Amino acid sequence: MGKSISDTLRAEVLMDALPYIQKYNGKIVVVKYGGNAMTSDVLKDGVMADLVLLSLIGVKVVLVHGGGPEINEQLHKIGKESHFIEGLRYTDQETMDVVQMVLAGKVNKSLVAHLEKSGGKALGLCGIDGSMLKAKKKESDIDLGFVGTVTHVDPTPILNALEQGVIPVVSTIGIGEDMQTYNINADTAAAKIAATLNAENLILMSDIKGVLRDKNDEQTLISAVHVSEVPSMIKQGMISDGMIPKIECCVEAIRRGVKRSIIIDGRTPHSILIELLSKEGIGTMFY
C-alpha cells in the first residue's frame with residue numbers, strides 16, 4: 001500500500017481479513033502454481049510472499065507446480081523440439097529424463113529457495129518420494145509416451161511437512177508399478193492431491209481472469225459456478241480449448257470432497273491473498 005492510504009483504512013483492511021483468517025486457520029489449501037506468475041520474477045516474489053503469509057497465519061499451504069517453459073528451454077539446449085498433442089507434452093524417455101531433472105531439480109529447489117528467502121520454511125518433494133504419486137500410462141488414441149495419470153496418492157510426506165509447519169512444494173512426477181517415471185499434468189495432480197487431503201480450497205493459477213461470459217471481454221467474469229452448470233457452459237462455448245481440462249480438474253476436486261475450487265489470474269499481484277482474505281475474491285469459484 002502507498003503512503004496515500006490512511007492508517008484508518010489500513011486498519012479496516014486488516015479487520016476485514018479477520019473472519020477469513022479465522023475461517024482458514026488450520027485448513028489445507030492446495031495451490032497449483034504456473035503460467036506467467038511463474039516466469040515473472042516480480043510476480044513470483046509476490047506469490048511466494050503470499051504463501052508465506054498464509055502459512056504464518058495458520059493456513060496449511062501445499063504448493064504444487066509445473067514448469068513447462070523451463071522444460072522447453074532445457075530441451076532446446078540439447079537440440080530437442082517440444083511436441084504437444086491435445087495440450088499434453090509428448091514424453092519419450094529422453095524427454096522424461098529432462099522433465100524429471102527440471103521439475104524435481106531446478107524448478108522445485110528454486111521455489112523452495114524463494115519461499116525460504118521470503119521468510120517461510122519449505123520442503124521440496126517429488127511424486128516419487130514415498131511413492132506419493134502412483135501412476136500409470138495415460139490411455140489415449142494417440143501415443144503420448146510416458147505421460148501418466150495418477151492412480152493413487154499417498155499424502156504422508158505432505159502431511160508430515162504440514163505438521164512441522166513447513167510448506168510442501170510438490171513436483172508432479174509419478175512412479176509406476178514397473179518403476180517407470182511418468183510426466184503428470186500439474187492441474188490434474190493438484191486436484192488429486194487436494195481431494196486426498198480433503199482440502200478446503202484448490203486454487204489453480206492461470207493466465208486468464210477466470211470463466212468469462214464473453215471470452216473477448218474480461219469485464220464479463222463469472223465469479224461463481226456450480227459444478228452442475230459446467231457441461232452447458234462447455235456447450236455454449238463459455239468454457240473452451242485449454243480451459244476445459246483445467247475446469248474438469250476443478251469439478252473432479254469438488255466431487256471428491258474439496259470445498260471450493262478457484263481459477264485465479266496469476267498475472268494479478270497478490271491474487272491469492274485477494275481470493276482468500278477478502279469478501280470480493282477474484283477469479284471464478286466452483287462449488
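Which element gives the largest share of the lining of the largest cavity? That would be helix H3, with four residues. Before going further, a word on the model: it is predicted, with local features needing pLDDT of at least 70 and side-chain atom pairs counting only at pLDDT 80 or more, while totals for chains, interfaces and linings use all residues. Residues are numbered from 1 along each chain as its sequence is written, and side-chain values use heavy atoms, with hydrogens and water left out.

Back to the cavity. The structure holds one cavity of 30 Å³ or more, and about 40 Å³ of space lies in it. A cavity here is a set of points, on a 1 Å grid over the protein atoms alone, where a 1.4 Å probe fits but cannot get out; a pocket is an open set with protein on both sides within 12 Å along at least five of seven lines, and lining residues have an atom within 4 Å of a point. Grid points are joined across faces, edges and corners, and the volume is the space filled by probe spheres set on the points. Among the residues lining the largest cavity are Leu43, Val47, Asp50 and His270. Two elements, H3 and helix H10 (271–277), give two or more residues to this lining. Helices (H or I, at least four residues) and strands (E, at least two) are DSSP runs, numbered from the N terminus.

His270 deserves a second look. His270 sits in the loop between strand E13 (260–265) and H10, and its phi is near 60°, a positive value in a residue other than glycine. With a relative accessible area of 40%, His270 is partly exposed (buried means under 20%, exposed over 50%, partly exposed in between, with a 1.4 Å probe and protein chains only). Met179 also has a positive phi, near 70°. Met179 lies in the loop between strand E9 (173–175) and E10, and is exposed at 62%.

H3 turns up again in a helix pair. The axes of H3 (residues 41–56) and H5 (residues 93–117) come within 9 Å and cross at roughly 65°; axes are lines fitted to C-alpha atoms, for helices over the stretch in contact, and angles run from 0 to 180 degrees between N-to-C directions. On the H3 side, the residues that meet H5 include Met48, Leu51 and Val52, and their partners in H5 include Leu111 and His114. Contact means heavy atoms within 4.5 Å.

The largest pocket holds about 1,200 Å³ of space. Of the 40 residues that line the largest pocket, the closest to its centre are Gly87, Leu88, Asn185, Ala186 and Asp187. Helix H9 supplies the largest share of this lining, six residues.

Two strand residues round things off. Ala135, in strand E6 (residues 133–137), is buried, with a relative accessible area of 7%. Leaving aside neighbours within four places in sequence, the contacts of Ala135 include Thr149, Val150, Tyr182 and Ile184. Met285, in strand E14 (residues 284–286), counts as partly exposed at 23% relative accessibility. With neighbours within four places again left aside, Met285 is in contact with Ser223, Ala224, Val225, Arg260, Ser261 and Ile262. The C-alpha atoms of Met285 and Val211 are separated by 9.2 Å, with their positions 74 residues apart along the chain.
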